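Biologist: Could you take me through one part of this model at close range? I would like to look at the ligand and what surrounds it.

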Amino acid sequence: MKSDKKDIRALTKEQLRDFFVSQGDKSFRGNQVYEWLWQKSAYSFEAMTNLSKETRKMLEDNFVINHIKVDLMQRSNDGTIKNAVRLHDDLVVESVLIPTKTRTTACVSSQVGCSLDCKFCATARLKRMRNLNPDEIYDQVVAIDNESKLYFGRRLSNIVFMGMGEPLMNYNNVLKAIDKITSDEGLGMSPKRITVSTSGVPKMIRKMADDEVKFKLAVSLHSAIDEVRTSIMPFNAKFTLADLRSSLVYWYEKTKSRITYEYVVWKGINDTQEAANALVDFCRFAPSKVNLIEYNPIDDGDFKQAPDSAIQIYVNTLERNGITVTVRRSRGKDIDAACGQLANKQ
Ligand code: SAH
């Protein structure tokens with residue numbers, strides 16, 4: 001049912017306090033409600049038991065609490081969990097819980113669909129339907145934190161913005177969500193445990209540097225040669241590698257924070273020594289780490305994972321140049337939960 005009432009979680013704490021004063025009540029009532037909404041993730045006004053019945057009714061008359069609903073939870077045989085998350089307007093996004101021996105990582109979505117057009121990514125085929133609101137991002141994290149406690153007996157330890165969408169095309173809401181996730185009035189997580197992954201939007205990387213954000217940056221590079229990158233990530237024609245690189249130089253100067261590059265090696269696309277050299281030239285200006293990620297096929301014959309010998313060219317070339325490199329195996333492939341497979345297929 002559509003409602004004209006306002007989403008109460010769109011209000012800041014100050015606005016909530018002002019609202020109560022405007023109702024002839026005390027401003028601290030706003031703090032109480034804020035705590036229910038964020039720290040305690042209350043999904044109804046009814047649940048706010050330290051408020052009087054009248055106050056709860058008054059809130060009910062004025063606001064709604066738009067919350068997500070985990071429609072379907074799938075568990076992979078490697079322990080990975082994928083949530084299909086229904087939003088208040090019935091659109092669906094996906095988030096993933098990735099467990100290792102010592103960590104639980106949440107991979108969350110920032111948009112319904114995606115604004116960009118990477119040829120190898122299933123989400124790109126959905127197009128962008130809308131940006132997620134801060135509370136919708138926050139709720140995905142809370143849902144995974146709860147699942148981590150339930151199934152693994154520990155709290156969520158890390159968050160990566162590597163689900164659906166391009167986080168830097170929804171920068172303000174992503175920032176607001178991270179503020180809540182890191183605030184003591186939210187989940188109190190350290191920003192150092194949060195990584196925002198971008199396809200590379202230079203203007204926004206500069207903005208992040210100016211904002212002195214404390215979370216980490218990962219760039220999905222996949223090629224350091226313009227012609228190749230444009231052929232697989234067409235927006236690269238507009239946001240060229242030179243521009244991307246200069247924004248990263250700026251980022252590093254301002255934040256001194258190491259940059260991670262995500263990189264898939266495909267057969268016949270970027271599996272040569274020349275391509276590996278170009279990657280070194282691109283990222284050697286600052287401490288960097290390259291994650292060589294496994295390709296997860298999305299029914300597109302143009303893309304095939306390169307053989308291990310090509311991966312080895314990259315590993316050798318990067319290591320020789322003092323660049324940290326890891327080779328990452330995919331998780332959750334059997335439930336379409338791996339990188340680039342999120343497309344609401346179920
Ligand atoms: N838009 C952001 C975050 C979402 S994609 C970004 O581009 O970084 C998360 C990661 O999965 C990116 O590194 C992306 O390049 C990678 N990816 C996309 N499709 C993939 C596929 N089919 N196989 C492996 N990785 C893929």
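To begin, which side chain has an N or O atom 3.1 Å from a nitrogen atom of the ligand?

Modeller: Happy to, and please keep in mind that this is a predicted model. The side chain you are asking about belongs to Glu166: one of its N or O atoms is 3.1 Å from a ligand nitrogen. Two further contacts involve oxygen atoms of the ligand. In the side chain of Ser197, an N or O atom lies 2.6 Å from a ligand oxygen, and His222 places a polar side-chain atom 2.5 Å from an oxygen of the ligand. On its own, the ligand has 530 Å² of accessible area, and the protein covers 96% of that. The space that the ligand takes up is the largest cavity.

Now for the surrounding shell. There are 22 residues around the ligand, and those that come nearest are Phe120, Ser197, Ser199, Ser220 and His222. Ser197 and His222 are thus among the nearest residues, and each also has one of the side-chain contacts just described. Sorted by character, the shell holds 10 nonpolar residues, nine polar ones and three charged ones. So that you can find the contacts on screen, start from Glu166 at the ligand nitrogen, then turn to Ser197 and His222 at ligand oxygen atoms.

Methods:
Residues numbered from 1 in each chain as written. Predicted model: local features only at pLDDT ≥ 70, side-chain atom pairs only at ≥ 80, totals over all residues. Heavy atoms only, no water. Near = heavy atom within 4 Å. Polar contact = N/O pair within 3.5 Å; in protein donor to acceptor, adjacent residues only side chain to side chain. Areas by Shrake-Rupley, 256 points an atom, 1.4 Å probe, with all protein chains shown as cover. 1 Å grid on protein atoms, 1.4 Å probe; cavity = no way out; pocket = protein on both sides within 12 Å on 5 of 7 lines; lining within 4 Å. Sits in = over half its atoms within 2 Å of the grid points. Nonpolar A, V, L, I, M, F, W, Y, C, P; charged D, E, K, R; others polar.
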